[in-house]
Amino acid sequence: MPSPVVAEVARRLARRARWQPLEYLFWLAALASVFLLRDRHLILTEIAWLGLFALSLDLILGYAGVISLGHAAFFGFGSYAAALLAKYGIVNEPVLALVVSGLAAAVLGFATSFLVLRGSDLTRLMVTLGVALIMREVANQIPDVTGGADGLQGVVIAPVLGLFPFDIFGHVSYVYCLAVLFVLFLLARRIVYSPFGLSLRAVKGNPLRAASVGISVNARLVAVYTLAAFYAGVAGGLLAQTTAFVSLDVLSFERSADLLLVLIIGGTGYLYGGPIGAVVFKLMQDWIANLTPQYWQFWIGLVLVLIVLVGRDRISLITGGLRLVVERIARRWNAGAVPPPYPPPLAGEGREGVRGEGR
Amino acid sequence: MLTILFDGIAYGMLLFVLACGLSVTLGLMNFVNLAHGAFAMAGGYITLVLVNRAGLPFFAGLPVAFVVTALIGALFERTLYVHVYAKSHLDQVLFTIGLVFMSVAAVDYVMGSQQVFIQIPSALQGRFELFGVGIGRYRLLIIVTCGLLTVALQLILSGTRFGSRLRASVDDARVARGLGINVNGVFALTFAFGSGLAGLGGALGAEILGLDPTFPLKYLVYFLIVVTVGGTSSITGPFLASLLIGIADVAGKYYVPKFGAFVIYTIMIVVLLLRPQGLFARAAGR
């Protein structure tokens with residue numbers, strides 16, 4: 001028989017983790033897009049793996065407060081792993097190969113996570129950037145394995161589960177990516193609403209205090225960094241499997257920087273930021289690239305600058321406010337069965353950001 | 001052997017001129033300026049336009065590059081950067097990456113994406129032998145110029161009133177403010193000067209490093225390595241770090257071409273692991 005305090009904590013945790021109406025709506029919309037947007041499945045496929053990739057960054061940035069400029073290292077590692085597994089027929093079945101690629105990236109994440117434990121934001125930026133650059137250089141220097149600057153060609157991906165071969169319209173690949181995204185999202189959601197997820201938030205808020213209430217800060221950071229690397233590796237594997245091609249591009253600095261933008265557009269620390277940001281980013285990229293094929297990077301940069309100057313706080317206030325309004329309406333519609341949650345809902349929490357030491 | 005050392009020193013000197021502005025802004029305002037390379041690129045392209053198109057002599061182009069880049073730096077500092085100082089590191093990173101992307105695309109639009117070279121006077125081309133050491137004339141110029149600049153910077157920092165204000169602000173901005181030092185003013189001036197130096201470095205280095213619109217992204221990591229290895233509390237730290245990185249990079253690429261690129265990354269990671277404060281920094285309680 002657990003003590004009343006434990007029971008109360010468990011009850012509150014369970015209530016926090018309850019599915020909101022908007023979340024159902026999000027996934028229903030995703031499901032609907034499979035049937036209603038059949039001619040847009042190619043870009044939707046990209047959105048799905050980018051969403052997963054951004055979700056993995058959200059795990060470390062939004063929940064643990066670790067800034068990374070080198071998340072592409074794990075993405076690219078997973079990508080090359082998936083492509084090589086398929087090319088040499090080591091693991092033919094895509095789902096299994098995806099898991100193996102994710103695990104490979106996780107091993108790399110675990111090995112490099114100890115570098116991230118040290119020092120301040122700046123040190124972390126440098127170390128993550130350095131790891132990604134080294135990975136890119138490694139891939140560049142062993143062309144007989146990775147194909148070097150020409151990219152890895154001749155990759156043939158077997159049908160998913162042995163039943164569904166990939167087609168050129170992206171129908172299978174979209175459903176495949178969406179399914180993977182959904183499953184891993186459920187897992188991430190389970191993790192961040194668990195006591196482990198709460199302890200991560202405590203670490204993000206103040207590592208010193210977190211340590212003094214008995215949270216082993218370093219162990220938590222290593223764990224979540226490894227997990228995020230697994231997610232990024234799977235996202236990279238999805239890219240490799242759906243395009244049957246990998247190039248050095250998967251490890252580039254721009255990929256890590258774009259990823260930050262995706263996540264910032266969507267908002268950090270509530271899991272949907274990654275997928276939503278991916279939708280907005282890809283549509284924006286598609287639209288701008290149609291206007292100016294060569295110079296779309298300029299507008300991406302402008303968006304970044306504007307986001308910072310306007311203030312992420314204000315942007316997330318607007319989206320957070322919207323979310324509150326919709327939730328309130330939905331609650332009334334639900335005949336007020338749900339009491340107001342305590343502690344206050346997630347809406348305000350994305351605003352803390354990652355503070356440097358105030359000077 | 002000595003030629004490699006010589007080339008490495010020239011390369012390192014160049015890196016120092018490019019990166020020292022970054023190290024001071026980082027140390028002074030705790031501000032992560034990933035767009036520093038964009039100023040270097042600006043200096044390079046300004047010189048290119050002046051020398052190749054307007055026909056100005058190379059030696060007149062260099063000071064102009066310095067002044068114009070410094071002015072651009074001051075303008076950006078006053079209009080854009082001031083709003084970002086108080087924000088988190090994440091915001092600063094996003095903001096400056098945005099600037100880098102914009103500068104890359106803008107230069108691509110105006111100047112084209114191909115690699116360009118500044119026409120240097122024929123007196124500076126080629127190399128000569130001195131006691132059996134092959135010495136490139138242009139690299140000798142770089143070493144002399146950058147060496148003089150370094151000495152001048154050191155003298156300014158240690159000898160002038162502005163230098164002592166700057167050092168006070170770096171050590172403890174709050175106390176410096178309390179003593180009546182206009183830290184923001186000091187910072188604006190330093191930022192402009194650092195940008196100008198980067199511009200000069202970009203103009204000087206176009207011959208060795210190459211100049212194309214992706215310059216800020218390509219050399220970003222070199223600047224950051226110099227700053228992390230050297231620490232941010234003095235100018236001798238980044239100087240020694242630049243020399244170390246320059247020599248290691250040139251020697252690495254010469255002796256083990258296959259692994260040459262890893263040498264500097266390995267140095268960086270090892271230094272970060274052993275001395276997170278930087279190799280030459282005091283172990284300050286910051």
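How many residues of chain B are in contact with chain A? In this predicted model, 37 residues of chain B touch 37 residues of chain A. Three helices of chain B, namely α4 (89-111), α9 (215-230) and α11 (260-274), each supply at least two residues of the side that faces chain A. Of these, α4(B) gives the most, with 17 residues. If you colour that side of chain B by residue class, you will find 27 nonpolar, six polar and four charged residues.

Since α4(B) gives the most to this side of chain B, let us stay with that helix for a moment. With 23 residues at 1.5 Å each, α4(B) should span 33 Å, and its end C-alpha atoms lie 32 Å apart, which agrees. The helix is mostly covered, as 18 of its 23 residues are buried. Right after α4(B) comes Gly112(B), which has a positive phi near 90 degrees.

Elsewhere in chain B, have a look at helix α2 (residues 36-53) and helix α3 (residues 58-79). Their axes are 8 Å apart, and the two helices pack at an angle of about 140 degrees. What does that make them, roughly antiparallel or oblique? An angle has to be over 145 degrees to count as roughly antiparallel, so α2(B) and α3(B) are oblique to each other. Their crossing is right-handed. On the α2(B) side, the contact is made by Phe39(B), Ala42(B), Gly43(B), Ile46(B), Thr47(B), Leu50(B) and Val51(B). On the α3(B) side, the residues include Phe58(B), Gly61(B), Leu62(B), Ala65(B), Val68(B), Thr69(B) and Ile72(B). An α-helix has 3.6 residues a turn, so residues three or four places apart point the same way. By class, the contact of α2(B) with α3(B) holds 11 nonpolar and five polar residues, and no charged ones.

A charged side chain is worth a stop too. Arg139(B) sits in helix α5 (residues 137-159) of chain B. Is Arg139(B) buried or exposed? It has 23 C-beta neighbours inside 10 Å and therefore counts as buried. Setting aside the neighbours within four places in sequence, Arg139(B) is in contact with Phe6(B), Asp7(B) and Ala10(B). Ala198(B), by comparison, is 59 residues away from Arg139(B) along the chain, and the C-alpha atoms of the two are separated by 18 Å.

Now turn to chain A. This chain has 15 helices and zero strands. Of its 359 residues, 45% are buried. Among contacts in chain A with a separation of 6 or more, 79% join residues 24 or more positions apart.

One helix to pick out here is α4 (residues 72-87) of chain A. Its 16 residues, at 1.5 Å a residue, should span 22 Å, and the end C-alpha atoms are indeed 22 Å apart. In α4(A), 15 of the 16 residues are buried, which leaves the helix mostly covered. Just after α4(A), Gly89(A) takes a positive phi of about 60 degrees.

One partner of α4(A) is helix α6 (residues 121-141) of chain A: the two axes come within 8 Å and cross at roughly 30 degrees. Because angles under 35 degrees count as roughly parallel, α4(A) and α6(A) are described as roughly parallel to each other. In this contact, Ala72(A), Ala73(A), Gly76(A), Phe77(A) and Tyr80(A) of α4(A) meet Val131(A), Ala132(A), Met135(A) and Ala139(A) of α6(A). These residues divide into eight nonpolar, one polar and no charged.

Finally, two loop residues of chain A reward a check of the backbone. Most residues other than glycine have a negative phi. Ala244(A), however, has a positive phi near 55 degrees. It is found in the loop between α11 (217-243) and α12 (253-266) of chain A. With 17 other C-beta atoms within 10 Å, Ala244(A) is partly exposed. Leu271(A) also has a positive phi, near 70 degrees, and lies in the loop between α12 and α13 (273-291) of chain A. Where Ala244(A) is partly exposed, Leu271(A) is buried, with 23 other C-beta atoms within 10 Å.

Methods: Residues are numbered from 1 along each chain as its sequence is written. Chains are lettered from A and ligands numbered from 1 in the order in which they are written. This is a predicted model: local features need pLDDT of at least 70, side-chain atom pairs count only at pLDDT 80 or more; totals for chains, interfaces and linings use all residues. Helices (H or I, at least four residues) and strands (E, at least two) are DSSP runs, numbered from the N terminus. The expected span of a helix is 1.5 Å times one less than its number of residues. A residue is buried if 20 or more other C-beta atoms lie within 10 Å of its own, exposed if 12 or fewer, and partly exposed in between; C-beta atoms are placed from the backbone. Two residues are in contact if their C-beta atoms, placed from the backbone, lie within 7 Å. Ala, Val, Leu, Ile, Met, Phe, Trp, Tyr, Cys and Pro count as nonpolar, Asp, Glu, Lys and Arg as charged, and the others, Gly among them, as polar. Axes are lines fitted to C-alpha atoms, for helices over the stretch in contact, and angles run from 0 to 180 degrees between N-to-C directions. Angles under 35 degrees count as roughly parallel, over 145 as roughly antiparallel, 65 to 115 as roughly perpendicular and the rest as oblique. A crossing is left-handed if the near helix is turned anticlockwise from the far one by less than a right angle, and right-handed if clockwise.
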